[in-house]
Amino acid sequence: MDDRSLSNDISRGNLMTFKVPALCLLLCGFAAAQVPNPTSQPPAEQNPGGYAQGTHVTDTGETVPLFRVQVVSRTLDAVNYRHLGGETKLGMMGTTLMPQAKGEAKVDSRHGRVVISAKFDKLGDPSQYGPEYLTYVLWAITPEGRAQNLGELPIKDDHAQLDVTSDLQTFGMIVTAEPYFAVTQPSDVVVIENRILPDTKGQIEQVVAKYELLPRGQYVHTEGTATLHPLVQYDTHDHKHTVPLGLLEGRNAVRLAEAAEADKYAADSLAKARASLDRAEDYYARKQWKPVETAAREAAQNAEDARVIALRRHEQESIAERQERERRRTEEARQRADAAEVDRQHESEQRARAEQDMQAAQQARQQAEMAQQQAEQARQAALTAQQQAEAQRLSAEQQAQSAQQQAQQAQLQAQQAEQQKEELRQRLQQQLNSILQTRDSARGLIVNMSDVLFDTNKYTLKPGAREKLAKVSGILLAYPGLRVQVEGYTDSTGTPEYNQRLSEQRAMTVRDYLVGQGINMNSVTAEGFGQNDPVASNASASGRQQNRRVQMVVSGEPIGETASAQSRPSTVPSGQEQYAPQQPAPVQQQMPQQQMPQQTQPVIPR
């Protein structure tokens with residue numbers, strides 16, 4: 001629309017017209033502080049049709065540029081809606097991008113706000129301008145170039161109606177195609193502009209403002225035209241339902257944020273957007289239509305925040321890099337100046353050095369004579385040193401031979417000590433085996449007590465068991481320094497809790513008896529393992545009898561056993577026993593001395 005002026009006889013004010021660059025609405029003065037629209041990019045590339053990137057081909061074959069490289073002007077009428085000035089109308093006309101579009105807007109200036117009710121007809125599909133465009137947004141533009149997002153147009157067929165409010169008083173209105181509703185700056189795809197009607201109320205003045213272009217296609221530029229595809233608008237499982245527009249916008253917003261490297265610069269905000277989108281996808285999969293829109297719009301808003309943060313931080317990095325390059329250039333210039341000064345000083349020093357060389361030559365002759373004398377003295381000193389070194393070598397060889405003899409003697413003594421420990425271990429095994437079944441293992445000597453030495457389902461020792469334990473105690477007392485680990489086991493009959501308690505009580509009874517026979521209480525530990533670590537199958541009576549046992553693991557320095565490779569018996573589920581006769585059990589913590597109560601559980605044969 002051309003610039004125009006209205007005569008003073010217009011009863012309600014003067015025309016206010018400000019020039020705007022073709023289809024863009026960002027003021028040059030705010031360029032560095034504003035975040036570009038997510039679809040903006042430099043116009044150097046071309047689209048598949050051979051036109052400059054951002055060129056739209058109409059149905060008639062006419063090519064209409066969506067943006068230009070240079071800043072150009074286009075008139076747009078703006079109205080100062082006087083405070084409490086009442087309701088007035090504006091026309092809404094399509095631009096060259098959508099000439100068939102039309103509509104009207106009612107503007108009512110009320111206390112503290114302006115209420116806008118806008119209707120539009122013959123709106124085309126926004127994706128015709130590129131696969132990244134999914135919706136239309138209504139904007140209010142001030143004469144200074146500030147853009148305010150008034151809201152998304154809810155399109156039904158080719159119609160849309162929007163009722164919103166604004167805190168602005170003087171503004172013009174446009175409609176742009178956008179990738180989602182939550183954008184903070186308008187794209188350059190302006191499809192509708194307002195038009196002043198003869199009966200439009202308000203103060204109208206002529207204002208000229210310059211604006212910078214917002215080129216489209218940043219998403220295309222980032223991802224490449226080969227990878228940018230339209231979002232799927234139909235359910236892959238049910239083609240009767242189209243994907244809600246809000247969900248498409250949420251998907252679009254997230255992928256545009258990802259294209260802006262939000263995962264690098266705004267990971268937390270992008271994670272929130274992805275989480276909201278996942279909830280929307282879940283609602284959609286369960287056909288819960290109402291919460292789909294809520295979650296999807298939240299995803300779009302969070303994604304826009306992430307995109308804006310990412311772009312700002314990227315710009316900060318660029319500024320920091322430029323400052324660093326400038327600092328380096330300054331530093332290099334300073335270094336070159338310093339180098340030139342050094343060269344001048346070097347020339348002066350060379351002249352002085354030439355005079356010094358003449359003096360040094362004379363001194364060198366004198367020093368050469370002195371050096372010859374010193375060389376003779378050094379030769380005599382070297383001869384003396386050689387003789388001393390030979391004497392030291394002979395002494396070192398004698399010391400090495402002596403040390404080798406001492407090491408051989410120490411090794412022989414160690415072997416004798418180990419042999420003595422092994423003989424002592426075998427003798428102790430024979431003595432214990434004459435009383436109770438005893439076998440040797442990596443953990444030490446394992447003395448086995450079957451359950452026949454206890455009363456059935458009790459942990460009291462039978463007289464025969466006490467007699468055997470007394471003999472074992474006497475043998476152990478003859479070998480100071482031994483350690484005894486008492487371990488109790490049961491079969492799988494009864495509950496695991498009952499078996500665990502019974503095995504602990506039996507092990508503690510044996511420990512207390514050994515301590516009572518004079519064994520140092522700090523050298524004896526006891527622990528029960530219940531039905532764990534069976535040595536035979538619990539499916540037969542003989543196997544269960546073998547599993548009901550108390551083991552005493554005897555170890556210690558006197559018999560050369562350190563009990564270093566021990567592991568706790570594994571818990572084996574009922575019916576899945578694994579048998580390893582007399583598997584090593586772990587060293588257990590010492591149990592406190594106490595009188596254990598008699599078992600009152602129902603009698604189960606042991």
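Two strands count as paired if DSSP finds at least two bridges between them. Keep that in mind, since this predicted model has a pair where Val 107 stands opposite Ile 116 in strand 8. Overall, the chain has eight helices and 20 strands, and 42% of its 606 residues count as buried.

**The chain as a whole**
- Take the contacts with a separation of 6 or more: 74% of them join residues that sit 24 or more positions apart.
- The accessible surface adds up to about 32,700 Å², and carbon and sulfur atoms own 49% of that.

**Strands side by side**
- Strand 7 (residues 102-110) runs antiparallel to strand 8 (residues 113-121), and the two share nine bridges.
- Together, strands 7 and 8 make a hairpin with two residues between them.
- Look in that turn for Gly 112, which has a positive phi of about 80°.
- Strand 8 also pairs with strand 12 (residues 159-166), again in the antiparallel sense, this time over seven bridges.
- In that pairing, Val 115 of strand 8 faces Thr 165 in strand 12.

**The nonpolar cores**
- In soluble globular proteins, nonpolar side chains tend to be buried together.
- Here, the largest nonpolar core has 34 residues.
- Trp 139, Tyr 180, Leu 247, Ala 262 and Ala 303 have the most contacts inside that core.
- At least two residues of the core come from each of these elements: strand 9 (135-141), helix 2 (245-259), helix 3 (262-265), helix 4 (267-285) and helix 5 (289-433).
- Helix 5 gives the largest share, with eight residues.
- There's also a second, separate core of 33 residues, and it includes Val 107, Tyr 129, Leu 138 and Ala 140.
- So you've met Val 107 twice: it belongs to this second core, and it stands opposite Ile 116.

**A closer look at helix 6**
- Helix 6 (residues 463-477) is 15 residues long and reaches 21 Å from its first C-alpha to its last, close to the 21 Å expected at 1.5 Å a residue.
- Its buried residues are Ala 465, Leu 469, Val 472, Ser 473, Ile 475 and Leu 476.
- If you look down the axis of helix 6, those buried residues fall within an arc of 160°, so they line one face of the helix.
- What do the buried residues of helix 6 pack against? Their partners are helix 5, strand 17 (444-450), strand 18 (482-489), helix 7 (496-516) and strand 20 (549-556).

Notes
Residues are numbered from 1 along each chain as its sequence is written. This is a predicted model: local features need pLDDT of at least 70, side-chain atom pairs count only at pLDDT 80 or more; totals for chains, interfaces and linings use all residues. Side-chain values use heavy atoms; hydrogens and water are left out. A nonpolar core is a set of buried Ala, Val, Leu, Ile, Met, Phe, Trp, Tyr and Cys residues joined through side-chain atoms within 4.5 Å. Buried means under 20% relative accessible area, exposed over 50%, partly exposed in between (1.4 Å probe, protein chains only). Helices (H or I, at least four residues) and strands (E, at least two) are DSSP runs, numbered from the N terminus. Contact means heavy atoms within 4.5 Å. Accessible areas come from the Shrake-Rupley method with a 1.4 Å probe; for residues, only the protein chains shown count as cover. The expected span of a helix is 1.5 Å times one less than its number of residues. The arc is that of the directions from the helix axis to the C-beta atoms.
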